[in-house]
Amino acid sequence: QTLLSLAASSPPPTLPYKHSSTMSTATAGTKRKLSDDLDNEEGQHDTTVTVPSTPSSSNPKPPNPYDKIKRAIVINDGKRESLIRLIGLKSLFGKQLPKMPKEYIARLVFDRRHKSLALLSSDPRKKDSDDEIIGGICYRSYPEMRFAEIAFCAVNASQQVKGYGTKLMNLLKMHAVTEGIEYFITYADNYAIGYFKKQGFTKVVQMPKSRYQGLIKDYDGGTIMECYVHPSIDFTRVPEMVRAQREFILQRLRYTAKSDKVVYPPLPSDFAQNLDITSRSTGNATRALAIPGVAEAGWTMPDLMASTGGVKDADQRKDMLKKELLGLIQKVQDKQFSWCFRDPVDTNEVTDYLDVVTEPIDLRTMEKRIRKGDHYKNKHQLYADMMKMVNNCKIYNDPDSTYYECAVSLEKFLSSLFPLKPNDPVTE
């Protein structure tokens with residue numbers, strides 16, 4: 001094994017399999033015909049759109065800011081330079097992850113089956129010292145299963161406001177493609193879930209469980225998260241790709257839209273007086289629909305009614321209740337003892353669960369119900385489901401089990417989270 005350096009200028013690897021890409025590009029300076037015809041008063045136009053050109057030899061790519069970042073893939077190959085960097089990574093993870101046992105960090109970082117991506121300081125005075133390590137990710141890849149497990153991820157506290165967390169993950173994704181990795185999987189604590197979501201991770205694991213079960217390490221109180229690594233995306237140039245796609249869409253809209261081509265005369269002073277308004281509740285919508293250009297833009301009376309008056313107030317109340325209920329769910333999920341309530345019980349593993357519990361419920365199901373719409377009319381109904389979840393846990397598990405203790409802790413927390421008691425009157 002040797003110390004592997006990530007070369008920013010190296011071309012992407014050729015993989016033994018193909019993935020279809022949804023991104024299309026055009027050659028420099030070319031024009032594409034619009035397939036649909038644009039009608040106006042004079043007839044049909046033969047319209048072309050200039051597509052943002054892709055870089056070529058005459059139009060080189062703009063400099064990549066990632067090129068200036070010094071980084072390296074570090075493994076325990078016994079070499080002096082590698083060992084110094086591994087010690088620096090161990091110190092970094094120990095400082096930034098204080099709840100993680102130091103012996104456990106050292107065991108994984110120096111394990112020959114694990115690799116670490118390290119961001120290095122370019123200051124020559126910091127070379128071969130702990131301060132040389134700006135940030136790092138320790139991971140273990142499983143080539144036969146085409147996924148990798150992230151064990152530790154941390155950035156030096158003095159460098160956390162400079163975007164190194166995102167850059168670190170993007171560089172790891174670029175390197176993962178060279179190893180044939182399709183998925184990253186990790187256990188995130190409550191403080192890290194937000195970071196991993198920003199990096200493209202999701203709580204919904206699409207990779208088959210048989211692919212990773214028994215291989216990755218399970219952590220109590222952690223949330224399993226997954227990220228798909230697309231082999232055709234240059235993760236170091238995502239902002240440029242988004243800008244190019246946005247510009248293409250805007251150019252397409254400029255040729256198809258008519259809002260800047262049709263000009264209506266000013267409204268007369270007696271405009272509102274000439275309207276036949278039969279109902280006060282529909283008055284605002286009727287006046288808006290009578291304005292020239294509103295109906296032509298696709299607005300209908302139901303659309304305008306939904307954006308004005310009582311319907312709008314009702315929607316606002318629903319949105320406020322939805323935000324409040326999601327906030328309560330989040331407060332419960334943030335507690336350490338909620339780990340066993342976050343996901344549905346796997347009845348394939350716990351085969352007799354449905355024989356004992358007739359109405360299973362969990363935090364993820366409650367969150368889906370809240371986001372879906374009108375399942376919960378008030379906080380009392382959410383409280384009822386929470387207590388049902390507690391009682392299910394108590395019914396199935398022994399009083400001396402860890403699960404039962406979590407249920408007791410959750411019940412105590414719910415009494416403070418919901419000040420109203422269940423026998424209080426429920427209002428719609």
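This is a short walk through one stretch of antiparallel strands, β5 to β8, in a predicted model.

Some context on the whole chain before the strands. The protein has 428 residues, and 35% of them count as buried. Its secondary structure comes to 13 helices and 10 strands. The accessible surface is about 26,200 Å², with 53% of that belonging to carbon and sulfur atoms. If you take contacts between residues at least 6 apart in sequence, 66% of them join residues at least 24 apart.

Now to the strands, starting with β6, which covers residues 115-120. Is β6 buried or exposed? Six of its six residues are buried, so the strand is largely enclosed by the rest of the structure. Buried here means under 20% relative accessible area.

The side chains of β6 are worth going through by direction. In a regular strand, side chains alternate between the two faces of the sheet. In β6, Lys115, Leu117 and Leu119 point one way. Ser116, Ala118 and Leu120 point the other way. All of these are buried, and that includes Lys115 and Ser116.

Next, what pairs with β6. One partner is β5, residues 70-74, which runs antiparallel to β6 over five bridges. Within that pairing, Ala72 stands opposite Ala118. Another partner is β7, which is also antiparallel to β6 and is joined to it by six bridges. There, Leu117 stands opposite Ile137, and Lys115 has Tyr139 as its bridge partner.

That takes us to β7, residues 133-142. How many of the residues of β7 are buried? The count is 10 of 10, so β7, too, is largely enclosed by the rest of the structure.

Besides β6, strand β7 pairs with β8, residues 147-155. The two run antiparallel, and eight bridges join them. Tyr139 comes up again here: its bridge partner in β8 is Ile150. So if you follow Tyr139 on the screen, you find Lys115 of β6 as one bridge partner and Ile150 of β8 as another.

Last item, the turn. β7 and β8 form a hairpin with four residues between the strands. Which residue of that hairpin takes a positive phi? Arg146 does, with a value near 60°.

To recap the order of pairing: β5 with β6, β6 with β7, and β7 with β8.

Notes:
Residues are numbered from 1 along each chain as its sequence is written. This is a predicted model: local features need pLDDT of at least 70, side-chain atom pairs count only at pLDDT 80 or more; totals for chains, interfaces and linings use all residues. Side-chain values use heavy atoms; hydrogens and water are left out. Buried means under 20% relative accessible area, exposed over 50%, partly exposed in between (1.4 Å probe, protein chains only). Two strands pair if DSSP finds at least two bridges between them. Contact means heavy atoms within 4.5 Å. Accessible areas come from the Shrake-Rupley method with a 1.4 Å probe; for residues, only the protein chains shown count as cover.
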